[in-house]
Amino acid sequence: MLDIEEFRKAGYQAIDRICDYYYSLADKPVVAQVEPGYLHAAPEAGEQFQTIADDFQKLIMPGITHWQHPSFFAYFPTASTLEGTIADLYASSVSAPGFNWLCSPAATELEAITMDWAAKLFGLDEVFMASSLKGGGVIQPTASDSCLTAVAAARSRFSKLHPETHLQNLVIYGTTMTHSLGAKAALILGLSFRALEVSRDDAYGLRGETLQKALKEDRAAGKIPFILIATVGTTSSCAIDNITEIEQVVKEYPELWIHIDAAYAGITLACPEFREMCHLDAINRCAHSFCTNFHKWGLVNFESSGMWVRDRTLLTDALDVTPEFLRTKHSEEGTVIDYRNWQLALGKRFRALKLWFVLRSYGAEGYRAHIRKGIKQAELFATRIRESKKFEIVTPPCFALVVFRMVGNATEGSPPPSLAQLNSLNRLFHRRVSARPDIFIIQTDIEGMYCLRFVPGAERTEDKHIEAAVRLFEEEATKALQEWEEKA
């Protein structure tokens with residue numbers, strides 16, 4: 001076990017190694033170069049700490065996929081700033097489980113304040129702020145936790161309004177592009193999930209008429225839709241549901257809870273020029289809950305998912321379980337927030353500290369600059385793809401996401417490649433790219449089309465990395481097409 005002075009020495013070494021890691025990051029393989037089962041079981045006896053620290057470099061780092069690598073373009077970004085790293089170190093040095101105000105008043109107070117700061121940064125209505133004494137924000141682990149919490153609260157609200165309702169008749173609405181968090185919430189809570197169809201003509205966003213039709217159909221069949229998960233920035237194509245139209249439809253269904261899942265794209269609300277595109281005005285008027293992940297594009301180290309609610313009592317009424325040993329003077333007087341009643345778990349990490357560090361260090365201007373940089377880099381990539389004869393863009397680029405695929409060569413007098421043939425070509429292209437250690441992208445499926453996603457957003461990504469990615473894709477596309485034609 002370390003004593004304080006040994007900890008000091010080990011801490012100096014750890015910081016030095018972290019700094020060395022970031023200096024050498026661009027030279028590392030983007031994806032971990034190990035096979036399943038490469039790690040061994042823990043020892044029975046304790047070991048020297050230096051041996052353990054050295055084994056982190058020797059055993060653990062080879063198994064790390066570097067999400068902060070400037071050539072990481074897969075999934076969506078997952079942030080890791082030096083400010084957040086330091087904040088996590090401080091937070092882990094004090095035990096603050098945060099289940100009520102008295103546990104560590106600073107943890108609760110800071111979470112309320114920083115979530116109000118972020119609400120103002122994103123242009124959310126004052127009702128979503130803790131200072132309104134009506135709604136407020138809470139930092140959940142992930143967007144899936146935020147969604148599950150919203151569904152649980154919505155179910156409780158509806159059941160209390162209609163106690164005669166059978167739970168098996170309750171339906172969660174999403175779309176065919178909604179993240180799996182919707183279906184998973186239904187699975188966990190024993191409810192039904194209906195994925196409403198969206199189309200290419202509407203850029204895969206939910207339209208009001210589609211929602212209206214589904215509501216009438218399900219009501220007529222005895223089903224009761226009680227929550228809609230509307231998305232701002234879907235995973236496959238960054239589609240945005242038409243929340244302005246949705247708002248008009250739900251005026252006839254006031255008991256339908258509207259949860260906005262903006263896990264990726266909600267961060268763009270910090271930039272005023274993107275607020276209309278994201279339907280912010282409609283969100284402020286009709287949403288019951290709103291979620292965006294600071295730990296994706298928002299510069300805060302994982303995990304940190306911001307969730308705001310219009311009416312905090314809808315959370316506490318659904319989730320408040322307070323045995324005698326959790327009662328405190330301040331809680332009984334109602335003068336403080338007890339965040340255990342705003343989430344599924346009892347305790348919580350001191351996540352607000354890293355949000356506080358990041359917001360104060362970058363400021364609103366730095367935050368916006370980071371977002372705009374990622375969008376400009378995606379625009380650069382899209383321009384290069386349009387200039388190429390080997391690729392095409394599949395869906396309109398949205399924020400920093402570009403969905404593209406290879407196009408095959410059609411010989412004169414022969415029909416163009418079929419969808420199945422193009423899918424085969426793009427799988428081959430993706431396999432070739434995935435075999436390389438110097439870049440990482442993933443695939444998606446859009447209406448049966450096998451496509452590739454390209455998402456810049458890492459803080460250290462520069463334009464030169466975008467240009468290098470384009471050159472790499474051109475090179476691998478040439479080889480993939482040759483291999484594909486030889487097999488045909």
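**Exercise 1. A residue of the nonpolar patch**

In which segment is Leu2 found? Then work out whether Leu2 is buried, partly exposed or exposed, and describe the patch to which Leu2 belongs.

*Solution.* Keep in mind throughout that this is a predicted model. As a starting point, Leu2 is found in the segment before helix 1. Next comes its accessibility: buried would require under 20% relative accessible area and exposed over 50%, so Leu2, at 36%, counts as partly exposed. Leu2 then takes its place in a nonpolar patch on the surface, together with Phe7, Ile15, Ile18, Phe49, Ile52, Leu82, Ile86, Leu89 and Tyr90, and these residues have about 880 Å² of accessible area together. Helix 1 (4-24), helix 2 (49-60) and helix 3 (82-93) each supply at least two residues of this patch, and helix 3 gives the most, with four residues.

**Exercise 2. The sheet of seven strands**

Determine the strand order of the open sheet of seven strands, find which strands stand at its edges, and follow the pairing around strand 4.

*Solution.* The order of the seven strands is 1-7-6-5-4-2-3, and their pairing is mixed. Strand 1 (136-140) and strand 3 (192-196) stand at the edges, and because each has a single partner strand, one side of each is left without a neighbour in the sheet. On average, neighbouring strands of this sheet are turned by 20° against each other, direction ignored.

The next step moves inward from strand 3, which runs parallel to strand 2 and is joined to it by five bridges; here Ile172 has Phe193 in strand 3 as its bridge partner. Strand 2 (residues 170-175) also runs parallel to strand 4, with four bridges between them, and Leu170 stands opposite Ile224 in strand 4. On to strand 5 (residues 257-261): strand 4 pairs with strand 5 in the parallel sense over five bridges, and Ile229 stands opposite His259 in strand 5.

The last step concerns the surroundings of strand 4 (residues 224-231), where eight of the eight residues are buried, so the strand is largely enclosed by the rest of the structure.

**Exercise 3. The sheet of four strands and the place of Ile442**

How are the four strands of the other open sheet ordered, and which helices pack on this sheet? Afterwards, locate Ile442 and list its contacts.

*Solution.* The four strands follow the order 8-9-11-10, and their pairing is antiparallel. Strand 8 (391-393) and strand 10 are the edge strands, and since each has a single partner strand, one side of each is left without a neighbour in the sheet. The twist from one strand to the next averages 40°.

Within this sheet, strand 9 (residues 402-406) and strand 11 (residues 449-454) run antiparallel and are joined by three bridges, with Val403 standing opposite Arg453 in strand 11. Helix 13 (residues 419-434) packs on the sheet and touches strand 8, strand 9, strand 10 and strand 11, its direction making about 35° with that of strand 11. Helix 14 (residues 463-487) also packs on the sheet, touching strand 8, strand 9 and strand 11, and its direction makes about 25° with that of strand 9.

Turning to the single residue, Ile442 lies in strand 10 (residues 442-446), and with a relative accessible area of 13% Ile442 is buried. Leaving out residues up to four places away in sequence, Ile442 touches Ala74, Tyr75, His430, Cys451, Leu452 and Arg453.

**Exercise 4. Salt bridges**

How many salt bridges does the structure hold, and which parts does the pair Asp88 and Lys354 tie together?

*Solution.* The structure holds 27 salt bridges. In one of them the side chains of Asp88 and Lys354 meet at 3.6 Å, N to O. Asp88 lies in helix 3 and Lys354 in helix 12 (residues 352-387), so the pair ties together parts that are 266 residues apart in sequence. Both Asp88 and Lys354 are buried.

For contrast, consider Asp438, which is partly exposed, with a relative accessible area of 33%. Asp438 forms a salt bridge with Arg436, and their closest N and O atoms are 3.0 Å apart. A network of salt bridges links Arg436 and Asp438 with Arg432, Glu475, Glu476, Lys479, Glu483 and Lys487.

Definitions and conventions
Residues numbered from 1 in each chain as written. Predicted model: local features only at pLDDT ≥ 70, side-chain atom pairs only at ≥ 80, totals over all residues. Heavy atoms only, no water. Buried < 20%, exposed > 50% of the residue type's maximum accessible area, 1.4 Å probe, protein only. Contact = heavy atoms within 4.5 Å. Patch = residues over 30% accessible without salt bridge, like charges linked within 9 Å, V, L, I, M, F, W, Y side chains within 5 Å. Areas by Shrake-Rupley, 256 points an atom, 1.4 Å probe, with all protein chains shown as cover. Salt bridge = Lys/Arg side-chain N within 4 Å of Asp/Glu carboxyl O. Pairing = 2+ DSSP bridges. Axes fitted to C-alpha atoms, helices over the stretch in contact; angles between N-to-C directions.
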